[in-house]
Structure formats: structure tokens, C-alpha cells
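Here are my notes on this one, point by point. Have the model open beside you as you read.

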Amino acid sequence: MLAGRRQRLGETAKRQAFLDGPVETRIVPTSSTLFTTAHGQRYKQAMAKHFGHKIKVEESDQDAILTFEIGVGTLVLVENGLALSAVATSEADVATLEDVLERHLERFAFRETFPKLDWTRDDGL
């Protein structure tokens with residue numbers, strides 16, 4: 001179920017990236033990570049509310065899609081935590097989104113020991 005949800009969110013993010021031409025011809029770098037926590041719902045809601053004052057945010061019970069000028073970040077509730085992903089038009093923008101998402105999550109998860117997140121990159125090929 002999670003793989004299908006991630007694929008759907010990834011496709012949504014790719015459509016929202018501001019590239020010309022059909023989705024099938026785009027090469028869109030992505031990155032994802034998992035923050036293991038029992039409080040994923042709380043952090044997803046807090047981040048969606050925080051960013052909702054600044055950017056477009058679409059939130060459901062299970063996920064939030066954050067549309068930044070440089071790309072799209074997603075927060076998805078999973079059984080053991082919160083899965084984060086970043087989609088952008090360049091590797092540099094993906095790195096920026098990773099940093100923004102991680103710093104904000106760390107701020108909201110201040111009651112927990114926060115590890116450096118291990119992001120996995122996919123260059124879109």
C-alpha cells in the first residue's frame with residue numbers, strides 16, 4: 001500500500017514541477033527518507049499548518065503535499081513514522097528541499113532525539 005501511495009504522490013509532484021512538455025519526457029530528481037516516530041500525525045499536521053501560511057498545502061488524514069517555488073515536498077504517515085520526499089527540477093533544489101523539510105521537522109520534533117536523516121536520491125532516470 002505504501003509503495004502505491006508513494007508512486008501516486010511522486011506522480012502528483014512531477015505534474016506540479018514547472019517543466020514544459022509531457023511528464024513522460026521529464027527527468028525529475030527526487031529524494032526520500034523516513035523519520036521513525038510514534039508522533040508522525042502530530043508532526044505532519046504541524047508542518048502542514050506552518051507551511052500553509054506561506055505556500056500551497058494539500059493535506060489529508062494520511063499525507064500532506066507542500067508546493068514550494070522550487071519543487072514539492074510530501075509528508076506521508078507510515079506505520080512506524082513519517083516518510084518525507086522532495087521532488088524538484090534540479091539536484092540543488094532537491095538538496096534545498098531536503099534541508100528545509102529536515103530543519104522544520106527537527107524543530108517540531110524537539111521532544112525527541114532527532115537523528116540526521118538519511119535521504120535516498122533518485123535522479124529520475
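1. I'll start with the arginine that caught my eye. Arg121 comes out as partly exposed, at 40% relative accessibility; here buried means under 20% relative accessible area, exposed over 50%, and partly exposed in between, with a 1.4 Å probe and protein chains only. Bear in mind that this is a predicted model, where local features need pLDDT of at least 70 and side-chain atom pairs count only at pLDDT 80 or more, while totals for chains, interfaces and linings use all residues. Residues are numbered from 1 along each chain as its sequence is written, and side-chain values use heavy atoms, with hydrogens and water left out.

2. Which side chains does Arg121 meet in salt bridges? One is Glu91, at 2.7 Å from N to O. A salt bridge here is a side-chain nitrogen of Lys or Arg within 4 Å of a carboxyl oxygen of Asp or Glu. Arg121 sits in strand E6 (residues 120-122) and Glu91 in helix H3, so this pair ties together parts that are 30 residues apart in sequence. Glu91 is partly exposed, with a relative accessible area of 35%.

3. The other partner is Glu98, whose closest approach to Arg121 is also given as 2.7 Å between N and O atoms. This pair again links distant parts of the chain, with Glu98 in helix H3 and Arg121 in strand E6, 23 residues apart. Glu98 is buried, at a relative accessible area of 10%.

4. There is also a bridge inside H3: Asp99 and Arg103 form a salt bridge with the closest N and O atoms 2.9 Å apart. They are four residues apart in the helix, so about one helical turn separates them. Asp99 is partly exposed at 39%, and Arg103 is partly exposed at 38%. As for shared partners, salt bridges join Glu91, Glu98 and Arg121 into one network. The structure holds six salt bridges in total.

5. Now the overall layout. The chain has three helices and six strands, taken as DSSP runs numbered from the N terminus (helices H or I, at least four residues; strands E, at least two). From the N terminus on, the order is α-β-α-β-β-β-β-α-β. Of the 125 residues, 43% count as buried. Contacts (heavy atoms within 4.5 Å) have a long-range share: among those between residues at least 6 apart in sequence, 59% join residues at least 24 apart.

6. The six strands make an open sheet, ordered E2-E3-E4-E5-E1-E6, with antiparallel pairing. Two strands pair if DSSP finds at least two bridges between them. Strand E2 (56-59) and E6 are at the edges with a single partner strand each, so one side of each has no neighbour in the sheet. Neighbouring strands are turned by 15° against each other on average, direction ignored.

7. Some pairings to click through. E4 and E5 are joined by eight bridges, and Val78 stands opposite Gly81 in E5. E1 and E5 share seven bridges; there, look for Leu34 opposite Ala83. E1 and E6 have three bridges, with Ser32 opposite Thr120 in E6.

8. How do the helices sit relative to the strands? H2 lies across strand E1 (30-36), E2, E3, E4 and E5, and runs at about 150° to E2. H3 packs on the sheet too, touching E1, E3, E4, E5 and E6, and its direction makes about 150° with that of E5. These angles run from 0 to 180 degrees between N-to-C directions, with axes fitted to C-alpha atoms, for helices over the stretch in contact.

9. Finally, the core. The largest nonpolar core (buried Ala, Val, Leu, Ile, Met, Phe, Trp, Tyr and Cys residues joined through side-chain atoms within 4.5 Å) has 24 residues, and Phe35, Leu66, Leu84 and Leu105 have the most contacts inside it. Two or more residues each come from helix H2 (40-52), strand E3 (63-67), strand E4 (71-78), strand E5 (81-88) and helix H3 (91-108). H3 gives the most, with five residues. Phe35 is worth selecting: leaving out residues up to four places away in sequence, its contacts include Tyr43, Leu84, Leu105, Phe114 and Leu117.
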